[in-house]
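Q: Please take a close look at a single part of this structure, and then relate what is found there to the aromatic side chains elsewhere.

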Amino acid sequence: MKLRRITPAKISVTRNDPVDVETLEKARVIVSAIRDRGWDALIEYATQFGDLRPDTKCIYSRTDLLAALQKIDRKERELLERTARRVTSFAQQQRDSLLDLRTTLPGGYAGHEFAPVEYAACYAPGGRYPLPSSVIMTVCTAKAAGVPNIWVASPKPTPITLAAAAISGADHLLAVGGAQAIAAFAFGADKVAKCDVIVGPGNRWVTAAKQLVAGFTSIDMLAGPSELLVWADSSANPEVIAADLLAQAEHDPDALPVLVTTDDEIIPAVEAALSQQLMVLETRSVASEAMKNGFVVICESRKEAKQAINQLAPEHLEVQVRDLDEAISGLDHYGALFKGEQAAEVLGDYGAGPNHVLPTSGASRFTGGLSVLNFLRMRTWMQIENAAAAQDLVQDAEDLAHHEGLRAHAASASKRKKSQPLSSFMSPITINDVIDAAARIRSYIQPTPVRKYPLLNEIVGHDIQVFVKHDNHLPTNAFKVRNGLSLIASLTTAEKKKGVIAATRGNHGLGLAWAGSRLEVPVKICVPKNNSAMKNAAIESLKAELIEIGKDYDETVEGMLELAEQDGYIVAHSTNNRAIIAGAGTLTLEYLQQVDDLDALVFAIGGGSQAVGALTVAASIRPDLEIYGVQAEQASAIHDSWHAKTPTSSDSADTFADGLATRKTYELTFQALLTGLSGFVTVSEDEIAQAIQHFVRATGSIAEGAGAAGLAGLIKLGPKLAGKRVGVVLCGSNIDPETLSWALSRS
């Protein structure tokens, strides 16, 4: 017998429809009739197609199956029992490997559990070759999965098929086959139960019906004619190869036997063995037809052979080559693998353990063989025990719902919100500290204006009314002058004589320098090397001493602290200082006096003094006020820490928004931010640049990066703050011409 020879380049793998159109349409008529008329239609078709005769039983009960078991030969019974034990053992170990899951989530737990379906149907062909082995494969696996009600369908069942159903644990057997049996299981038919899953091999009518009922019930797969691919080299036995190919070929005239080899000298020996074995094979009429479908793929290398096998993705794959472990490495697509000459595919067919119901026609690329998983549902669950700890989860659900436009979803999430009064948040200062700071600074600076801009409302959208507080109108063009004045004015006479030292990239230093010049207190300002020349010049113009130290703000802070300890200066840290935070709080105190019905405030956060000052004021005056934080994506240490509920640091803070460029959290502000903020978002460099553009267009004001970040955050929070009255601070306008030009040029 000659095998058709092809090269890997000639392999054509097309996944055709599992059944032909004619069969599908005829099966549709049968399925529809049984769905509509149930038992009567089932009996009509079963009689028409020869499944039933007037004197034959249609449904076998468990008692009937056990009676049939008593009638078979002892050796046959023991054979079935041994096979069932092996299949059950493998399937039970599969089931035992599937573990239920319980894990934590914010405020509670989540998990999954595996639960069997209630009714399963197992099809076993009863045509050319009745297959009790398929009864064992399917029913034992369902039983191991824990299915309580198992039906078998097999037309004209033989005594050994009935006995196999009994041994495997089936509860009923329907002596009907084809599309009519599948339809009866899918929709129920009087005494025949409606089943949750239908599995097992069958002819084109069974496959067509499975395709038609999928969706009404679960199916295992749409299997076509059986396939075997043998990968062999010159070390393999041609007689064994031929026997294995013929074993597959005798299943069906449409079966597909394939040989892949890198040693074409073995091909004549395999062909000779095929011819000799076919001569004495009782099923040669079927097998010889199937062999005409087969071919041999001649490959130049093992790598090419693996590629050819993966392309074909066979149902059964035997590997009979040297260096077996290396050969198997890289084989990715097959239904079942048989390693080495002794692992015959027929051993798998007849109950070695792994299931013989397998994907064909390349379907192994996306599905596997029958297993306990086909009879199980993975059910997930969730429980929230600590509602307060779940608030981030609730907030994210609400925000995502708003982004998707699903308002009822957002409302549902919102119902789970647990209000945490601002009066209970962990503030490092009190409202009295802010009031005292306001009294200290009022002789030197006046409240800054709050203005509304219709164009800005349009830009932000979502029916939000925006109230801009112009702290860029303060001396030094930034809110930080509040902080500096609050600190320096709070010093004792002795402390003022020592002088003040601070670390800054600009506005904090400018504020302190301005306050020092007004109150005649010496000020030293440490800045990173390569700091903005414009800001350095502005600091020096206010008679402060400028010291360049460190590569970035955080290193500058470390250097500043060393100098303070060395020379006895009073440290004016931009964040970790109560008087600084109280000074920042005067901004919100003014805000709430100017606009008494704000719903929310959005603050850019560098160290957090503005936001913590606002939280402190709101806790006493407006505890229902929502306060949100914004950081740059490229300097997001505090944002990330807030969401993680624990302080972290980042390796860099590479943002053009100087006031936000910090890599760390701060002791005095972090806990307050953690317990007080209603939300915290980050914005990209482009989003900050666009906010600068929006301020220029809508207000005619120039904003620096940190000064515009609050507006960028408000735009991002738009869906959440829809319809509300929201305050945003233009907190500074100290931006050098080059950076401003860059920001205005961004698209």
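A: In this predicted model, the part chosen is Arg482, whose place is in helix H19, spanning residues 480-490. The relative accessibility of Arg482 is 0%, so this residue counts as buried, the cut-off for that term being under 20%. Its side chain makes a polar contact with the side chain of Asp471, at 2.7 Å. When neighbours within four places in sequence are left aside, Arg482 is in contact with Ile441, Ile445, Thr448, Lys469, Asp471, Leu474, Gly583, Thr586, Leu587 and Glu590. Asp471 thus appears both in this list and as the partner in the polar contact.

The aromatic side chains come next. The structure holds five aromatic pairs. One of them joins Tyr45 and Phe49, which are stacked, with 5.9 Å from centre to centre and 20° between the planes. Tyr45 is buried, at a relative accessible area of 13%, whereas Phe49 counts as partly exposed because its relative accessibility is 43%. Another pair is formed by Phe187 and Phe216: the ring centres are 5.2 Å apart and the planes stand at 65°, so the pair is edge-to-face. Phe187 lies in helix H7 (residues 178-187) and Phe216 in the loop between helix H8 (204-213) and strand S9 (218-219), so the pair ties together parts that are 29 residues apart in sequence. Phe187 counts as buried, at 18% relative accessibility, while Phe216, at 42%, counts as partly exposed.

Charged side chains also lie over aromatic rings. Arg102 is placed over the face of Tyr109, 4.0 Å from the ring centre, and Lys191 over the face of Trp39, 5.8 Å from the ring centre.

Key:
Residues numbered from 1 in each chain as written. Predicted model: local features only at pLDDT ≥ 70, side-chain atom pairs only at ≥ 80, totals over all residues. Heavy atoms only, no water. Helix = DSSP H or I, 4+ residues; strand = E, 2+ residues; numbered from the N terminus. Buried < 20%, exposed > 50% of the residue type's maximum accessible area, 1.4 Å probe, protein only. Polar contact = N/O pair within 3.5 Å; in protein donor to acceptor, adjacent residues only side chain to side chain. Contact = heavy atoms within 4.5 Å. Phe/Tyr/Trp six-rings, centres within 6.5 Å; stacked < 30°, edge-to-face > 60°. Lys NZ or Arg CZ within 6 Å of the ring centre and 35° of its normal.
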